[in-house]
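Hi everyone, thanks for coming along. Please take a moment with the sequence and the picture, and then we'll walk through them together.

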Amino acid sequence: MAAAGTADRLSFTAGDFFTDPLPAADVLVFGHILHDWDLHTKRMLLKKAYDALPNAGAVIVFESLIDDGRRENAFGRLMSLNMLIETKGGFDYTGADFRAWLTEAGFRDCRVEHLAGPDSMVVGIR
């Protein structure tokens with residue numbers, strides 16, 4: 001960020017996202033985080049993100065999403081199996097699943113965009 005001259009526009013905040021409110025920000029990013037948790041916890045964290053963002057703020061979630069048809073991204077399906085084995089309730093999900101959870105939390109203009117390899121991101125605007 002320093003080399004790009006943008007270090008003053010980015011900050012990191014320590015805390016426990018289970019017990020602390022999320023920091024106020026224009027954009028919140030969850031990278032390979034939400035697949036660790038059960039559906040109730042995923043929804044709780046999305047609601048906290050919604051509450052922390054201003055109008056027109058964005059949440060960005062990137063993971064190895066399972067394709068909506070559950071036929072193409074084998075890595076995403078295997079990652080979901082891995083989460084089921086390693087965690088108490090974690091699982092991966094489709095873009096359609098996640099857009100529905102974002103809408104439920106109050107977000108609008110939700111979209112999925114493929115990134116590199118098996119990763120995709122879901123963006124929701126408050």
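Arg111 stands opposite Val123 in strand 4. Another residue facing strand 4 is His114, which stands opposite Ser120. Before going further, a word on what you're looking at: this is a predicted model, where local features need pLDDT of at least 70 and side-chain atom pairs count only at pLDDT 80 or more, while totals for chains, interfaces and linings use all residues. Residues are numbered from 1 along each chain as its sequence is written, and side-chain values use heavy atoms, with hydrogens and water left out.

When I say helix or strand, I mean a DSSP run, numbered from the N terminus: H or I with at least four residues for a helix, E with at least two for a strand. Two strands pair if DSSP finds at least two bridges between them.

So how many bridges join strand 3 to strand 4? There are 5, and the two strands run antiparallel. Strand 3 covers residues 108–114 and strand 4 covers residues 120–125. Their hairpin has 5 residues between the strands, and there Gly117 takes a positive phi near 60°. Asp109, in strand 3, also has a positive phi, near 45°, although Asp109 is not a glycine.

Strand 4 has another neighbour too. Strand 2 is joined to strand 4 by 6 bridges, again running antiparallel, and the partner of Phe62 there is Met121.

Is strand 4 buried or exposed? It is mostly covered, with 6 of its 6 residues buried; buried means under 20% relative accessible area, exposed means over 50%, and partly exposed is in between, using a 1.4 Å probe and protein chains only. In a regular strand the side chains alternate between the two faces of the sheet. Here, Ser120, Val122 and Gly124 point one way, while Met121, Val123 and Ile125 point the other.

Let's move to helix 1, residues 39–52. Its 14 residues reach 20 Å from the first C-alpha to the last, close to the expected 20 Å, where the expected span is 1.5 Å times one less than the number of residues. At its start, a side-chain oxygen of Asp38 comes to within 3.3 Å of the backbone nitrogen of His40. The buried residues of helix 1 include Leu45, Leu46, Ala49 and Tyr50. What covers the buried residues? Strand 1 (27–31), strand 2 (58–63) and helix 3 (95–105) are among the parts that do.

After helix 1, in the loop leading to strand 2, you'll find Ala56. Ala56 has a positive phi of about 75° without being a glycine, and at 54% relative accessibility it counts as exposed.

Now for the rings. A pair of aromatic rings is described by the distance of the centres and the angle of the planes. Rings of Phe, Tyr and Trp (its six-membered ring) pair if their centres lie within 6.5 Å; planes under 30 degrees apart count as stacked, over 60 as edge-to-face and the rest as tilted. Searching the whole structure gives 7 aromatic pairs. One of them is Phe91 with Trp101: the centres are 6.2 Å apart and the planes are at 85°, so this pair is edge-to-face. Phe91 is in the loop between helix 2 (74–86) and helix 3, and Trp101 is in helix 3, so the pair ties together parts 10 residues apart in sequence.

Trp101 also makes an edge-to-face pair with Phe98, at 5.6 Å centre to centre and 75° between the planes. Phe98 and Trp101 both sit in helix 3, 3 residues apart, about one turn of the helix, and both are buried. Phe91, Tyr93, Phe98 and Trp101 form one aromatic cluster.

Charges join in as well. A charge sits over a ring if NZ of Lys or CZ of Arg is within 6 Å of the ring centre and within 35 degrees of the ring normal. Lys42 lies over the face of Phe91, 3.8 Å from the ring centre, and the charged end of Arg126 sits over the ring of Tyr50, 4.1 Å from its centre.

Last stop: Arg77, in helix 2. Arg77 counts as partly exposed because its relative accessibility is 31%. Its C-alpha is separated by 8.4 Å from that of Tyr93, 16 residues apart along the chain.

Methods: Contact = heavy atoms within 4.5 Å. Polar contact = N/O pair within 3.5 Å; in protein donor to acceptor, adjacent residues only side chain to side chain.
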